[in-house]
Amino acid sequence: MASSPAVLRASGLCLGRGSPKSWAWLLRPPKIRPGGPISWAAARMAATVTLEPAGRCCWDEPVRIAVRGLAQEQPVTLRASLRDEKGALFRAHAQYCADIGGELDLTRGPALGGSFAGLEPMGLLWALEPEKPFVRLVKRDVQTPFVVELEVLDGHDPEAGRLLGRAVHERYFLPPGVRRVPVRAGRVRATLFLPPEPGPFPGIVDIFGAGGGLLEYRASLLAGKGFAVMALAYYNYEDLPKSLETLHLEYFEEAVNYLRNHPQVKGPGVGLLGISKGGDLCLCMAAFLKGITATVLINGSAVVVGGALHYKGETLPPIGLDPNRVKITKEGLADILDALNSPLDVSDQKSIIPVERAESAFLFLVGQDDHNWKSELYANEASKRLQANGKEKPQIICYPGTGHYIEPPYFPWIRASLHSLVGRPVIWGGEPRAHAMAQVDAWKQIQIFFHKHLGGAKGPISLQL
């Protein structure tokens, strides 16, 4: 059997002309017991997995998955898995049936069940779930890809089916030609990502939430769309403050000025992009600092949360909270949706960010099932303040069934994970499919908004297969 070219081709171990060259092919041959009969049926039924684009692509790009060489209407299960930099395993599976020609194309063939159901060509990515509970998929090193393993199994049992085919697909976070530049200028601790084309480019400061540290993956992906994006750390990183108790807006002002004065950044103003706690920081920056032209808040707050914010003699105290309003689910998870005081209470008026001072255009992206806090309420209150003071009405886009962590496309929805300020796992809200669809649209909207208000050559924003 080992010398038969026909069997080798059928089992995917002999790559001829026309086979994908840039991705690893790891099909396992059928197991043969010593002294036992050779299973020719197993060899004949081996499948070919093809990916378009082949081999590797950017994380925010869709990939077309197809399987050929199956029997007519053969039931199969597709499994996907990846490990993050810490070794945490994430998996998804779905059950399908081949067409009458023995082929399965995920853009045409609906999943019959498993981690998801229906026509979902990218479901094997956005439906990934952690093997250990409460682990959120985060890209910590954008210079290396995530490696996704795809397997095709005979039948609809995701654990017991015979392996028919396997392929490995790399999804990278540093688009071709994008330059990664560590920034250690004065007090600023950041990483700047510059597009490959000759500049200057529209500039954006990218800020994450209360987890701290320096996360770069959103900035690196966005740089591939024609923006100069600076991922900015602000606490719990190197020599920066270790907590959120006291933050000084002068630090953020220094970062904005660094970006505005960079020779590869076009002016006169720059954009801000923030999620969660990063959202209320961006709102404060837009309200108090000069040179802010466009601001996007992803499930941000309209009040200061977690610690006081100081700037040139002014102090915005954090909004109050009541731990007794935290609900505990049957699984022991915290639901903190009602923990913060209402910004409409007289006692908490001083925590409201004076957004009416801003000269920036605004885009609020809101998950309507956000359980971290009441993002829709905050967006509407900010809109009222802006309009009451003669400012332009901001753009607000609300996504039903969507939770707190609206990430770049195809990051899996996470039901619950550790909240650094709460000290225990909290639920984030949303449901997987609606959340996945919201992430695809939000990514488009971010690019459209920044191109409109910051200018620059428009990069590709279509995410259609």
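**View 1. A network of salt bridges joins four residues.** In this predicted model, Arg 184, Arg 189, Glu 238 and Asp 239 are linked through salt bridges. Two arginines, one glutamate and one aspartate take part. The structure holds 27 salt bridges. The next views show three pairs.

**View 2. Glu 151 and Arg 79 form a salt bridge between two strands.** The N to O distance is 2.8 Å. Glu 151 sits in strand β9, residues 146-154. Arg 79 sits in strand β4, residues 75-83. The partners are 72 residues apart, so the pair links distant parts of the chain. Glu 151 counts as buried because its relative accessibility is 9%, which is under 20%. Arg 79 is partly exposed, with a relative accessible area of 22%.

**View 3. Asp 280 and Lys 277 meet within helix α6.** Their side chains form a salt bridge, with 3.2 Å from N to O. Helix α6 covers residues 277-288. The two residues are 3 apart in this helix, so about one helical turn separates them. Asp 280 is buried. Lys 277 is buried too.

**View 4. Glu 356 in a loop pairs with Arg 385 in a helix.** The closest N and O atoms of this salt bridge are 3.0 Å apart. Glu 356 lies in the loop between β21 (334-335) and β22 (361-367). Arg 385 belongs to helix α7, residues 375-388. The pair therefore ties together parts that are 29 residues apart in sequence. Is Glu 356 buried or exposed? At 18% relative accessibility, Glu 356 counts as buried. Arg 385 is partly exposed, at 29% relative accessible area.

Conventions: Residues are numbered from 1 along each chain as its sequence is written. This is a predicted model: local features need pLDDT of at least 70, side-chain atom pairs count only at pLDDT 80 or more; totals for chains, interfaces and linings use all residues. Side-chain values use heavy atoms; hydrogens and water are left out. Helices (H or I, at least four residues) and strands (E, at least two) are DSSP runs, numbered from the N terminus. Buried means under 20% relative accessible area, exposed over 50%, partly exposed in between (1.4 Å probe, protein chains only).
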